[in-house]
Each structure stands twice: as C-alpha cells, then as structure tokens.
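Please find below some short comments on the model, set out as numbered points. They cover ring interactions, one helix with its surroundings, and one residue in another helix.

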Amino acid sequence: MNKVSEIIGCITDIAPLSWQESWDNAGLLVGDANMLVDKALIALDVTEAVVDEAIEKGFHLVISHHPLIYRPLKHLLPENTIERTVIKAIKHDIAIACMHTNLDNSYLGVSKWLADRIGLKNLEILEPMQVEEDVTTGGGMVGELENALDETEFLALVKNNLNAKALRYSELLGKKIKKVAVCGGSGFFLLDNVKRCKADAYITGDVKYHDFFEADGKLLLVDAGHYETEQFTKELIADAISKKICNFAVSISNVKTNSINYFV
C-alpha cells in the first residue's frame with residue numbers, strides 16, 4: 001500500500017506541478033493525499049462512467065490527464081455531470097488527481113509520446129522555457145521522420161498510427177514531409193513556432209476553420225483530433241508510476257471518454 005501523494009509523486013518527478021499553466025488545475029482534486037491505496041485507475045478524462053468502473057473494480061485512486069474540475073464549484077448538487085462525479089467519488093472514498101499542462105510542458109510528456117508514436121527522431125521542444133538552471137521545459141515537440149514522405153503517405157501514417165477516424169488538414173502543397181512538429185491537444189497557439197523552425201507539417205487538435213488559412217502555403221497543418229493526439233497520455237502516466245513503484249498495480253480504464261463521434 002502506498003499513500004496517494006506517493007503515487008502522484010511518481011508523475012510529478014518528471015512533470016512538477018509548478019510547470020502547469022496559470023489557468024490550469026492539476027494535482028489532487030478530490031480525496032486525502034495520505035490515504036493508502038494499492039492500485040490506480042488511469043484515464044484521459046474523469047467521467048461518471050470512469051468512477052463507476054473504479055467502484056466496480058475496487059479502485060480508490062483515479063488519475064487522469066484532463067482535470068475533472070476546471071472552474072470553482074459553488075455547490076455540490078447532482079445537477080451536472082461534474083458535480084455528480086465528485087459526489088460519487090467522495091461517497092465511495094475515491095481520490096481523483098489530474099496531470100494536465102505540467103505533463104504537456106514536460107520533455108518526457110504528452111508531445112514526446114505523440115512524437116514517438118508518429119516515429120519522429122532528433123526531438124526538440126517546440127517552445128522551450130527555462131524553468132530553472134539546466135532544466136528546459138515547454139510546449140510541443142519537433143523532430144524528423146526517418147524518410148521523407150509524400151503528403152498523402154504522411155497523412156495515411158498519421159491516421160493509422162493514431163487510430164484516427166478522420167483527419168482535417170490544410171491545402172496540399174506537393175512537397176515532401178520530413179520535419180514534423182506536434183502538440184497533443186489544442187496546439188494551434190504554437191503555429192508561429194512551427195513556422196520559425198521551418199517544419200514541413202504540424203500535427204495537433206482543435207483547429208478552427210479560419211485557422212487552417214494560417215498555414216499560408218508554408219506547411220501542412222493537420223488536425224488529428226484532441227483525443228487522438230493525447231490518448232497515449234494514459235500509458236505515459238501508467239509507465240511513470242510503474243517505473244518508480246514496481247509492485248503497485250496500475251490499470252488503464254476501459255471507458256472510452258472521447259466526447260466526439262464521427263458519422264462517415
């Protein structure tokens with residue numbers, strides 16, 4: 001048995017909570033940091049269904065990437081899914097923690113796992129920030145494919161390796177794709193950095209209609225989906241715990257929390 005705080009510490013060792021953005025709400029959100037637990041359920045999002053799974057399987061700690069609570073709660077009434085989920089977790093003595101933009105900003109974090117899935121090498125942080133001496137963190141990653149690909153070959157690679165139902169992308173330019181930037185989740189804000197490093201393509205999620213025009217004939221902008229570009233964060237969290245405490249059980253949630261469906 002380990003304290004909840006010890007399990008969370010396995011992740012914050014590679015992604016301290018001080019690395020989260022000012023607007024974020026990472027860390028322990030529900031429960032007692034000193035509670036002893038013998039296993040943790042890992043999910044991308046905490047939903048009522050995820051807490052139901054934890055109850056059914058006897059988990060007393062759920063760790064997610066996205067925070068269950070973003071905004072302050074004025075009351076705890078069963079009026080919406082967030083409040084119902086918090087109430088249910090408290091009733092069943094389940095602690096809930098999230099590791100969000102602190103993992104986004106870690107070199108070993110979300111974008112690193114996405115880049116590895118695409119097969120990129122020679123990785124560097126896309127928007128580096130020096131947080132302390134000899135420690136660099138920041139958003140996104142940029143690297144290179146082993147072999148340059150045609151644009152359609154590249155899109156097929158991304159779709160297949162991310163198990164994406166569909167991709168949205170900017171105008172094809174008839175250029176080879178070699179240098180690729182990535183950012184898990186909503187990463188359009190890093191487009192200027194992508195252009196400065198002269199990447200041939202940029203993979204992220206949540207790109208709006210007018211944003212695609214900003215590719216401006218300079219690169220291939222690919223929206224592979226918020227969930228699809230962050231789905232490997234579950235394995236990232238589980239791996240961080242298992243490497244530190246080998247006899248602690250971690251399990252990936254079976255609940256599919258992607259809120260977007262496709263009709264094709």
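**Notes on the predicted model**

1. In this predicted model, the charged end of K39 is placed over the ring of F59, at 4.8 Å from the ring centre.

2. There is one aromatic pair in the structure. Its members are Y209 and F213, in an edge-to-face arrangement with 5.8 Å centre to centre and 85° between the planes. Y209 and F213 are both exposed.

3. Helix α3 spans residues 81-91, and its buried residues are E83, T85, V86, I87 and A89. An α-helix has 3.6 residues a turn, so residues three or four places apart point the same way. The cover over the buried residues of α3 includes the strands β2 (27-30) and β6 (95-98), together with helix α2 (48-57).

4. Both ends of α3 deserve a look. At its start, a side-chain oxygen of N80 comes to within 3.1 Å of the backbone nitrogen of I82. Just after α3, D93 adopts a positive phi of about 55°.

5. N102 lies in helix α4, residues 101-104. Is N102 buried or exposed? N102 counts as buried because its relative accessibility is 0%, and the cut-off for buried is under 20%.

6. What does the side chain of N102 reach? Its partner is the backbone oxygen of A15, at 2.8 Å. Leaving aside residues up to four places away in sequence, N102 touches A15, P16, L17, W19, Q20 and A26. A15 therefore appears both as a residue touched by N102 and as the owner of the backbone oxygen that the N102 side chain reaches.

Key. Residues are numbered from 1 along each chain as its sequence is written. This is a predicted model: local features need pLDDT of at least 70, side-chain atom pairs count only at pLDDT 80 or more; totals for chains, interfaces and linings use all residues. Side-chain values use heavy atoms; hydrogens and water are left out. Rings of Phe, Tyr and Trp (its six-membered ring) pair if their centres lie within 6.5 Å; planes under 30 degrees apart count as stacked, over 60 as edge-to-face and the rest as tilted. Buried means under 20% relative accessible area, exposed over 50%, partly exposed in between (1.4 Å probe, protein chains only). A charge sits over a ring if NZ of Lys or CZ of Arg is within 6 Å of the ring centre and within 35 degrees of the ring normal. Helices (H or I, at least four residues) and strands (E, at least two) are DSSP runs, numbered from the N terminus. Contact means heavy atoms within 4.5 Å. A polar contact is a pair of N or O atoms within 3.5 Å; within protein, one must be able to donate a hydrogen and the other to accept it, and residues adjacent in sequence count only if both atoms are side-chain atoms.
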